[in-house]
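Subject: Structure for your review

Dear colleague,

Please find below the structure that I am handing over to you. I would be grateful if you would read the notes beneath it with the coordinates open.

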Amino acid sequence: MNTAKIMLSEDELQLVQNRNLILTKNAIIQKVYAMFGNIALELQSYTGLNAQALPFNCSHILPKISKGEKYEEMPYVILDYPRVFSKKDIFAVRNLFWWGNYFSTTLHVRGQYATHVSQKLLENLETLVVKNVHISTEGDEWAHNICHKDYTLLNNLSRTALQMLLEKNSFIKLTIPHSLKEWSTAEKHLETISKELLRLAQKS
C-alpha cells in the first residue's frame, strides 16, 4: 500500500480538526433552505394568482428543494418551482445556490412550452439584455455552470443570431446569476427574477 497517498498535508490536517468548519457550512445550508422556502411560498402565491395565464396548472405540483455535495465538486441547493419534467416537455423555474460560485435563477423549457417562450423572448429582448441573461439552447441540457461552453451571454447575440438559435433549439434555458456577496438582497432578487422569467411563459 502506498501510504503517501493517504497522508494529510498541513492544511488538510488543520481542516480535519476544525469542527466549526462543518458546523458553519451546515448552518449556511439551512439558511439557504429557509430562503428557498420563502421564495417557494411567494411563487406559489404568484402562480395561484396567475393560473389562467400560465401554460399549465401548477397548484397540484408542490415546490421541491433538494441539495447535493458535488456539483463540480461544490455543495449546492436547488429549488424547482414551477416544475414539469417529462421525456418530451419541460417547464421549470430553478433557483440554485452553488457554494463558492453564485446564486442563479433559470427558466428551462422544452417541447410544447418552448415555442411561446421563444416568441416572448424576442419581444422582450431589449429588456432582457441588460439583466445579465445567459442562454443555452443546445448541448448539455443539465449544465448549470454559466461558464460552460453551451451558454452564451444574451447581450452578445444580435436579434437575427438569436432568432436563428431559437429556430433550431431542442430546449431553451435562460439563466441570471446573483453574486453570493449580495446575500442580503438574494431572496428578493431571486423572487423577482423568477417572476420576470415566468412572465415569458404567460399568455398575453
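The notes that follow cover the strands, then the backbone geometry, and lastly one loop residue. Please bear in mind that this is a predicted model.

**Strands E2, E3 and E4**

Strand E3 covers residues 90-98, and nine of its nine residues are buried, so the strand is largely enclosed by the rest of the structure. In a regular strand, side chains alternate between the two faces of the sheet. In E3, Ile90, Ala92, Arg94, Leu96 and Trp98 point one way, while Phe91, Val93, Asn95 and Phe97 point the other way, and all are buried.

E3 has a pairing with E2 that is antiparallel and runs over eight bridges. Within that pairing, Asp80 has Arg94 of E3 as its bridge partner. The connection from E2 to E3 is a hairpin of four residues.

E3 also pairs with strand E4 (residues 102-110), again in the antiparallel sense, over nine bridges. Here Phe97 is matched with Phe103 of E4 as its bridge partner. Three residues lie between the strands in the hairpin of E3 and E4, and Gly100 there adopts a positive phi near 80 degrees.

**Backbone geometry**

Most residues other than glycine have a negative phi, and most peptide bonds are trans. Which places in the model depart from this pattern?

- The peptide bond from Tyr81 to Pro82 is cis, with omega near -10 degrees. Pro82 belongs to strand E2, residues 74-85.
- Glu73, which is not a glycine, has a positive phi of about 75 degrees. This residue sits in the loop between strand E1 (64-71) and E2. Its relative accessibility is 53%, and because the cut-off for exposed is over 50%, Glu73 counts as exposed.
- Asn132 likewise shows a positive phi, near 60 degrees. Its loop runs between helix H4 (125-128) and strand E5 (134-136), and with a relative accessible area of 39% Asn132 is partly exposed.

**Asp150**

Is Asp150, in the loop between E5 and strand E6 (152-153), buried or exposed? Its relative accessibility is 14%, and therefore Asp150 counts as buried, the limit being under 20%. The side chains of Asp150 and Lys149 are joined by a polar contact of 3.5 Å. Neighbours within four places in sequence aside, Asp150 is in contact with Ile135, Ser136, Thr137, Glu138, Gly139 and Asp140.

With kind regards

Note on methods
Residues are numbered from 1 along each chain as its sequence is written. This is a predicted model: local features need pLDDT of at least 70, side-chain atom pairs count only at pLDDT 80 or more; totals for chains, interfaces and linings use all residues. Side-chain values use heavy atoms; hydrogens and water are left out. Helices (H or I, at least four residues) and strands (E, at least two) are DSSP runs, numbered from the N terminus. Buried means under 20% relative accessible area, exposed over 50%, partly exposed in between (1.4 Å probe, protein chains only). A polar contact is a pair of N or O atoms within 3.5 Å; within protein, one must be able to donate a hydrogen and the other to accept it, and residues adjacent in sequence count only if both atoms are side-chain atoms. Contact means heavy atoms within 4.5 Å. Two strands pair if DSSP finds at least two bridges between them.
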